[in-house]
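Subject: A structure for you to look at

Hi,

Here's the structure I promised to pass on. Have a look at it first, then read my notes below.

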Amino acid sequence: MLDLLVIGAGLTGLFAAYTAARAGLHVRVIAHGAGATHWHAGTIDLLGYVENRDEAVANWTQALPELPPAHPYRLLGVDAIATALDAFQQFTVAAALPYVRPGTIMSLPAPSASEDESSQTRGQVEQIDNDNLGRNCQLISPVGAPRPVYLAPTAQQAGNLEDDRPLVIVGLEGMPEFYPALSAENLQKQGFYARTATLNLSPLLRRRDISPLQMARTLDKLDAQAQFTEMVADMAAPGERVGLPALLGMDAHTRLLTQLQEAVVDRGRDSAQHSDRRGTVLSVFEIPTLPPSVPGLRLDAALRIQLAGLGVRVEIGMEVCGFHATGRRIQWIETETGSRPLRHTARNYLLATGGILGGGIYADRCGRVKETVFDLPLTAPHARSHWLRPLFLDKRGHPIFQAGVSVNHHFRPLDQSGAPVYDNLWAAGSILAHTDPIRERSREGIAIATGYAAANGVIKSQ
Amino acid sequence: MKRMQTEILVIGGGATGTGVAWDAALRGFRTVLVEKRDLTHGTTGRYHGLLHSGARYVLKDPDSAVECISENRILRRTHTHCIEDTSGFFVVTPEDEDDYPDRFAAACRRLDVPCTEIPAASALRREPLLNPRISRVFELPDAAADSFLAAHATAQAARQAGATLLPYHELTRLHLSGGDGNRTLSGATILDTVSGEELHIDADLVINAAGAWSGHVAALADVEVKMILGKGVMLATNARLTNTVINRCKMPGDGDILVPIHTVTVIGTTDERVAEPEDLPIEQWEIDLMLTEGDKLVPGLSRTRILRAWAGVRPLYQETQLPGRPAQSENRAQSSKYPATKLPQDSRDATRALALLDHQQRDGLRGFITITGGKWTTFRLMAESAVDAACEQLGVSRPCRTADTPVPGVEQGHYWLGHRLNEVEDENLQSELVCECELVTRSMLEGAVQRNPTVTLDDLRRDVRLGMGPCQGGFCTYRAVGILHQLRAGNASSAAGEWNVAHMQSPAHHHRDSPTPEQQATASEPASVPTPQGDFRQRSAAVDPQAAVSQPNLLLRDFLQERWKGVAPILWGQQLRQERLDELIYLSILNADHLPVDDGESPLSSFYRSDSSISDLDR
């Protein structure tokens with residue numbers, strides 16, 4: 001019998017499954033579709049903005065008291081969040097996709113001819129430096145706005161706006177997803193030195209209208225990597241950092257990044273500032289693009305590979321159509337199949353189906369807001385006329401997007417009286433109430449921290 | 001201050017105004033049109049897209065019905081490519097009165113509106129989603145019309161005939177001279193809303209074709225024109241539910257028309273009297289009523305995904321006896337059903353017939369004509385009546401030619417649903433897709449920017465349907481801003497081309513058929529009619545892509561807000577989820593709410609923020 005059945009294959013569900021499986025639990029993940037990890041920027045946004053303040057959060061540990069008391073972060077506290085992120089960083093190292101605080105000095109693995117990244121030397125990552133605990137940094141958005149981010153993969157490190165090296169933003173001809181001039185102009189308005197360049201891809205590709213994902217797959221090929229590296233190196237002036245749309249390979253990403261880094265740094269070798277006693281200062285970085293997101297797909301793939309290594313099955317295409325509970329215990333859930341419902345039985349269940357975007361919550365025309373698997377009680381605005389504000393970009397966000405499941409400190413969904421609805425059910429991620437992860441820029445932070453906490457709750461209950 | 005001189009000045013750039021400019025220019029008048037925002041920004045760009053057969057009004061408003069069927073036949077010749085020949089059904093549902101259908105059929109016969117009763121079973125075979133409980137079906141020559149394209153085609157025809165069209169030029173003052181009994185209107189002061197410059201236009205005659213804004217324009221001439229403004233709310237579904245226009249066979253009411261237009265079906269409309277033309281709140285009850293009524297035509301319509309809601313204002317007019325003056329009977333189309341002294345309280349009861357107000361006869365003001373009322377379907381006839389009256393005031397006799405003069409683009413034949421895909425698959429137009437929903441490519445966008453004044457992304461929406469599909473600007477807003485910004489940063493040669501959007505939404509538009517600016521200039525300027533070309537060139541430069549996108553961050557925000565105000569009233573279910581994805585893109589990935597903005601507001605920002613009323617919050 002399964003110890004834990006996770007419903008939902010986003011960052012929350014997969015990281016919770018990883019956490020539980022590492023602790024020796026027998027875990028499975030089922031999900032209706034691939035998670036929203038595919039859509040986002042592939043960074044770990046922990047807390048970028050709080051209500052009533054225009055400026056970005058500089059250090060989230062200090063901003064937590066400004067969040068409402070029922071906010072998932074307030075349920076966890078700084079230490080629990082930090083522990084979860086530490087565990088996540090260890091996972092990323094194990095998966096050879098290291099995530100660190102931008103600004104951390106790190107060295108890249110030596111380039112390897114092997115296509116298989118997992119055989120490569122694992123990146124050497126600094127452990128969390130306590131002085132820097134909680135400090136956000138700002139990376140560059142596709143339009144050149146600063147994105148408040150806590151952890152980023154190696155490929156996005158050099159986009160750190162705390163760094164004052166000049167930028168060259170490189171676009172690709174025939175790609176409607178990236179406009180270097182717009183990005184550079186906005187960076188200039190904010191006082192950064194940024195210029196633009198455009199790569200002509202005709203030596204690599206025959207067609208125009210190529211998406212970052214197609215390009216990333218093209219760049220998994222060895223010869224394409226070599227040609228592309230040469231083109232990028234030609235663009236870069238000594239001392240510059242090179243920003244490219246996020247498409248630097250999928251499976252063979254690390255190798256391409258290392259090659260690019262070497263080639264760009266080589267050109268600037270004469271100036272000594274580019275090497276450091278502890279490693280290389282990164283000079284090539286990716287800027288996220290519109291969905292689907294190549295960095296998001298890499299993170300998703302890394303999680304799935306690690307889960308497969310732990311014997312955890314991730315089954316997509318499983319829409320829950322019913323469940324059975326006796327008293328306060330869920331006995332099984334059923335998913336839709338072609339012929340008859342398929343029954344899934346487990347000791348514990350973790351609901352990580354996401355909010356309105358992920359499909360965990362459905363809001364209908366009559367103003368009813370429903371949790372889609374267990375029909376759990378929700379905290380939500382009472383009428384449709386209270387869902388939205390007149391301005392799309394209103395800093396306070398739209399109340400409907402804070403709708404969600406209220407939980408206790410153990411991440412057990414609660415009923416109206418404040419008691420857990422089921423003894424063997426946990427909930428984590430964007431399905432939680434009292435937070436709007438997209439407005440706050442806290443999507444991944446909430447996913448990791450609550451997913452980790454819920455998984456540990458399950459582990460302790462065993 | 002710049003000055004211009006013209007014979008006829010047209011106020012308003014909707015269907016009527018462009019129609020008047022076209023008609024006047026064809027009759028050889030020097031003509032200038034001013035529109036305070038983009039062409040079709042008013043009611044023309046906010047209606048359901050029905051080319052009426054007139055059948056809807058055969059019993060309630062026979063004058064309007066007669067106008068509609070006659071114009072229906074003409075527009076099929078002059079604006080063929082703007083019309084999809086869908087045909088129309090009038091269906092009797094179980095809720096409709098028993099005696100109406102026979103009276104309806106008799107009235108159609110009487111008014112020469114071609115009406116054929118067909119078996120309900122065969123109608124259901126053609127439109128399987130129709131309510132299976134319909135008992136009778138009449139087929140009539142209704143059709144779907146693209147009012148954006150039609151206005152642009154008319155505008156292009158007007159330009160080719162020598163007219164000058166000035167969008168983003170707002171009327172601020174009408175120049176009156178003379179005392180009682182000899183009052184004359186001699187021109188107007190116009191504000192260029194983009195550059196902020198004033199323009200002084202001397203005109204022999206001013207034609208007020210400002211639609212719902214006609215009362216405001218007339219007030220500038222100290223003339224009272226009391227408009228009855230009937231707000232109509234419409235919804236678009238994310239699929240074409242039928243391929244035929246569907247009407248309920250009953251007295252016209254709320255939510256009883258379905259029009260398949262492009263890839264969507266529009267359900268319309270409500271009719272609520274409002275005080276101001278920009279007073280366009282979309283109330284929840286209106287949405288719910290549309291969906292409930294829609295279910296009676298296509299069961300399950302209320303459960304389909306709704307893309308957007310919008311509201312337009314019908315510029316209805318009913319002449320009333322003005323105090324101290326004898327009642328005028330200048331309006332040849334005035335319905336006898338309503339005594340002239342009694343103003344209908346409900347805008348649903350106001351006539352849809354056109355209203356021509358010759359202010360010389362009516363108010364003793366020379367040089368001023370108001371043309372209002374009417375339907376989109378009758379815009380050409382409205383223009384004809386207005387210019388006929390103008391000829392009379394100016395003491396010349398020049399026959400109207402619009403009924404026999406096709407606008408540019410008709411050679412493409414009727415619009416058909418597959419044209420966009422066909423166009424994109426055509427190798428000549430192959431380039432990056434900017435809007436996957438509406439198949440807008442980079443070359444279409446660049447063409448539109450070069451050929452039209454592009455002050456906001458909303459202008460591009462009207463030109464190429466940018467952001468009108470299921471994601472409502474989710475992916476294309478960012479791309480369009482990026483492309484506009486590139487055009488600005490790029491070569492200046494893209495600026496100041498001839499405006500030529502007549503082919504914009506039709507097969508093979510601007511690449512093959514459009515004449516070069518040189519050819520066009522020669523074709524469009526009859527030597528005898530000196531047009532104020534200098535001013536036109538300057539105008540064109542003032543709205544070139546260089547100037548238009550000086551603030552890309554504002555373009556982005558304004559368009560996001562513009563899309564928001566139409567989706568917010570219908571956000572639930574899957575469309576709410578879609579909107580959350582747009583939030584993920586614009587907040588989380590792009591961080592568009594923390595972009596640097598130089599001076600905070602564009603001249604148009606406030607507009608996009610003003611006319612939304614979607615929420616009880618912050619009211």
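At roughly what angle do the axes of helix α11 and helix α13 of chain B cross? Before I get to that, remember that this is a predicted model.

The axes of α11 (residues 442-451) and α13 (residues 476-489), both in chain B, cross at roughly 55° and come within 11 Å. Angles from 65 to 115 degrees would count as roughly perpendicular and those under 35 as roughly parallel, so α11(B) and α13(B) are oblique to each other. The crossing of α11(B) past α13(B) is right-handed. If you want to see where they meet, α11(B) brings B:R442, B:L445, B:E446 and B:V449, while α13(B) brings B:A480, B:I483, B:L484 and B:L487.

Now scroll back to helix α3 of chain B, residues 100-111. This helix has 12 residues and spans 16 Å from its first C-alpha to its last, close to the 16 Å expected at 1.5 Å a residue. Which of its residues are buried? They are B:P101, B:F104, B:A105 and B:C108. Look down the axis of α3(B) and you'll find its buried residues within an arc of 95°, so they line one face of the helix. Their cover includes three strands of chain B: β5 (88-92), β6 (116-118) and β7 (136-140).

Turn α3(B) around, and the face pointing away from the buried side has the exposed residues B:D102, B:R103 and B:R110. One last thing to click on: B:D112, just after α3(B), has a positive phi of about 65°.

Cheers

Note on methods
Residues numbered from 1 in each chain as written. Chains lettered and ligands numbered in written order. Predicted model: local features only at pLDDT ≥ 70, side-chain atom pairs only at ≥ 80, totals over all residues. Helix = DSSP H or I, 4+ residues; strand = E, 2+ residues; numbered from the N terminus. Expected span 1.5 Å × (residues − 1). Buried ≥ 20, exposed ≤ 12 C-beta atoms within 10 Å, placed from the backbone. Arc of directions from axis to C-beta. Contact = placed C-beta atoms within 7 Å. Axes fitted to C-alpha atoms, helices over the stretch in contact; angles between N-to-C directions. Parallel < 35°, antiparallel > 145°, perpendicular 65-115°, else oblique. Left-handed = near helix turned anticlockwise from the far one by under 90°.
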